[in-house]
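Welcome to a short tour, to be followed with the viewer open beside you. Load the model, choose a cartoon view, and select as we go.

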Amino acid sequence: MKHLLSTGDLSLSNAIRILDTAEEMSAVGEREVKKLPALRGRTVVNLFFEDSTRTRISFEAAAKRLSADVINFAAKGSSVSKGESLKDTAQTLSAMGADAVVIRHWASGAPHRLAATDWIDAAIINAGDGTHEHPTQALLDAFTMRRHWARLAGTDSQGTDLKGMRVAIAGDVLHSRVARSNVWLLRTLGAEVTLVAPPTLLPVGVDKWPCSVSYDLDQTLANGVDSVMMLRVQGERMNASFFPSTREYSRRWGFDNNRLRALDDLGMTDTIIMHPGPMNRGLEISAAAADSPRSTVLAQVRNGVSVRMAALYLLLSGDTREPAATRAPANAAAPSTKESN
Amino acid sequence: MAGNTATYLIQGAAILGGDPADLLVRDGIIAEIGHGLSADGATVIDAAGLVALPGMVDVHTHLREPGREDAETVETGTRAAALGGYTAVHAMANSTPVADTAGVVEQVYTLGQAAGWVDVRPVGAVTVGLAGEQLAELGAMADSRARVRMFSDDGICVHDPVLMRRALEYVKAFDGVVAQHAQEPRLTAGAQMNEGDVSAVLGLTGWPAVAEESIIARDVLLAQHVGSRLHVCHVSTAGSVEIIRWAKERGIDVTAEVTPHHLLLTDDLVRSYDPVFKVNPPLRTDADVQALRAGLADRTIDVVGTDHAPHPSEHKECEWAQAAMGMTGLETALSVVQHAMIETGLMTWADFARVTSTAAAKIGRLADQGRPLEAGEPANFILVDPAARWTVDPFKMATMGRNSPFKGRELPGKVVATFFRGHATVLDGALNTPHPDAAATPAGAA
């Protein structure tokens, strides 16, 4: 692995290696001295073209726990209208000797541009690009789900996958980079994914994705589910007629108190409720659901640091034991980043 | 007017890919065509193995001048055209200032004459400033020295149905044609690529086929209603081909164009996020490519138009969403069409002459272009080596634009010579000299 751009080109073995490494990193976080010398002398740049304090500090904590030097570069705004281009920024960071660039960008594909051009030679980590992908979010979600799934099976999570786990991802799939990265990765790990959304918030072409699609959250819950992941929905989407009102959205697609009760009534005592944050309480998730013992929201945040430590460590330690070519066939619908013109 | 051109004897060229013959070019016309013609006083060109075709006519070129001379000028764009086998181009109106007055179209026309590489026929804007609110002075542009016959807001759709109706009606007064950029604006707000399987994965805002097809459907019905002439720019979807086929069956006076890139490339290339593949209308699916080829072969689509759209490198070396839309095309069109249409057995060289020259000249009402290769006709023709193979290198092109989506591809066919009004603008596959009449033309604004 040279870059981490998409979960679509992660092989099963590479995905499990990242998750296993993250388990080891997690142990570091529980020690009194939460620091490893692994990346001493290496420079990690957090290049953020879009505000995201949570993701930025998560990456910052991860890099610092590995003893890397961290530079935060907030380049918010349009690179063309506000001066410097992405190319110039990348070349500047290259000249400063960045070993890894963690990039968050509002434009889908911006991390791919950094990886595919000769503007910079650093390892590129996609920290969320437009409505495309957010691979470390999907990895931390998978990490959280794997711990839960292994605990239910009574095993250690090291080396395991998510075979047989039923995951529902509900909400604004159309605009969600989290949904895309999760669909590819969960499929690779053997989970069965159902997307639940209003038809307006599903992309044309979703029928080719390796998952099921439903318009009915209640039916999806009734069919049995081990994890329900609620996606953030922006109230402004209402103005573009994606749905009639926030109240109607909440009633039909939100995880409200009735649905929380339904899990109990259906006897699904082990089903977890996930959310990538930040949450719109009362819109896509009720306060009771967010705060219930089923909620893994805070565990996800905690696990994010471990997963990002693992990604930085594996990319910067130059570990190339397993070629990315051993891709899972389930990823056929996912994009290849190897392709060039 | 072309009295000071040299005399050429072209020996053994396959006329439209058929039987070989000699062509004697003198005083700007094809003086004789036959066998064993006398070489007396003529420069002899051995054309054995070469195909003679009428000079290509592009109905859709962006020359960028005036306004964006950092992207292209009339001089560089027409050099590229000559190298690509063109003897006439239609210069689109989206310059700065917009070509919406007699003054601007005469300026472009004069620049073309002064360059002397091809006939430059300016396209007039349909609406003032391409703003889609008020008709430009179409009559003044038609009556100007540029003799504008094609009007287009290309780049922007004339989406107001009443304005489109009026434009179609009005141009009947001077045998004009409205060339529509079919794109329903509300359905394509923020659109980045074809809406479909690939956009779903890439998270790029989709440009649905229906946004093109719904405008074409409306416009053919409007053209029928008011009895006018409609041209549809850069048709890109299978559904559009079907609608145009239906309209032609009903006798509606509609013509349509397809670009070389839509005949070959698909939206799969966007997976690279390389903005060299960003264009409007966007690259579509393989099913669309096949339908466009079939439509061009069965005459539903009349012509190939390049939509040559050069951009400075900084407008492509950036994020996909930031990048400008458009691709260069003048110097690759012949090869791409040969590859997509002739080598697939869908068309002959005679068909090629129709779609790249004859039909295009008819749409633009160019009397001296797209003529048969016969004695007494203006000597606008090209010699092509169909057996040549070459690898596309944008840095070796005459256009200032380096944004060729065919970069690195091996393509067939090479323009060996271009004759423009009896003068060889291209010889041995390289630029020769502009037409000698150009030197007598004062450059600059009219």
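Begin in chain A by selecting strands S5(A) and S6(A), residues 192-196 for the latter: the two pair in the parallel sense over five bridges. Keep in mind as you look around that this is a predicted model. To find one of the pairings, click Val167(A), whose bridge partner in S6(A) is Val193(A).

Now add strand S8(A), residues 227-230, which also pairs with S5(A) in the parallel sense, over four bridges. Val167(A) is again a useful landmark, as it stands opposite Ser227(A) in S8(A).

How enclosed is S5(A), residues 166-170, by the rest of the structure? Four of its five residues are buried, so the strand is largely enclosed. Next, bring helix H6(A) into the selection: together with S5(A) and S6(A), H6(A) makes a right-handed β-α-β unit.

**Where the chains meet**

Show both chains and select the contact between them, which involves 30 residues of chain A and 25 residues of chain B. On the chain A side, the elements giving two or more residues are helix H3 (86-95), helix H4 (110-116) and helix H6 (177-188). The largest share, four residues, comes from H4(A). Colour this side of chain A by residue class and you will have 11 nonpolar, 13 polar and six charged residues.

**Into chain B**

Colour chain B by its domain assignment: domain 1 covers 2-51 + 376-438, and domain 2 covers 55-364. Taken over C-alpha atoms, the centres of these two domains of chain B are 26 Å apart. Their contact takes 33 residues from domain 1 and 43 residues from domain 2. On the domain 1 side, select strands S16 (381-391), S17 (410-420) and S18 (423-427) of chain B, the elements that give two or more residues. S17(B) gives the most, with six residues. This side of domain 1 of chain B divides into 20 nonpolar, 10 polar and three charged residues.

**Last stop: a helix**

Select H2(B), residues 102-115, and check its length: at 1.5 Å a residue, its 14 residues should span 20 Å, and the end C-alpha atoms are 20 Å apart, which agrees. Is H2(B) mostly covered or mostly open? Mostly covered, with 11 of its 14 residues buried; among them are Val104(B), Val108(B), Tyr109(B) and Leu111(B). To see what the buried residues pack against, show helix H1 (74-83), strand S7 (86-91), strand S8 (119-122) and helix H3 (138-143) of chain B. Finish just after H2(B) at Gly116(B), which takes a positive phi of about 80°.

Key. Residues are numbered from 1 along each chain as its sequence is written. Chains are lettered from A and ligands numbered from 1 in the order in which they are written. This is a predicted model: local features need pLDDT of at least 70, side-chain atom pairs count only at pLDDT 80 or more; totals for chains, interfaces and linings use all residues. Domain bounds come from an automatic or database domain assignment. Two residues are in contact if their C-beta atoms, placed from the backbone, lie within 7 Å. Ala, Val, Leu, Ile, Met, Phe, Trp, Tyr, Cys and Pro count as nonpolar, Asp, Glu, Lys and Arg as charged, and the others, Gly among them, as polar. The expected span of a helix is 1.5 Å times one less than its number of residues. A residue is buried if 20 or more other C-beta atoms lie within 10 Å of its own, exposed if 12 or fewer, and partly exposed in between; C-beta atoms are placed from the backbone. Two strands pair if DSSP finds at least two bridges between them. A crossover is right-handed if, with the strands pointing away from the viewer, the path from the first strand over the helix to the second runs clockwise.
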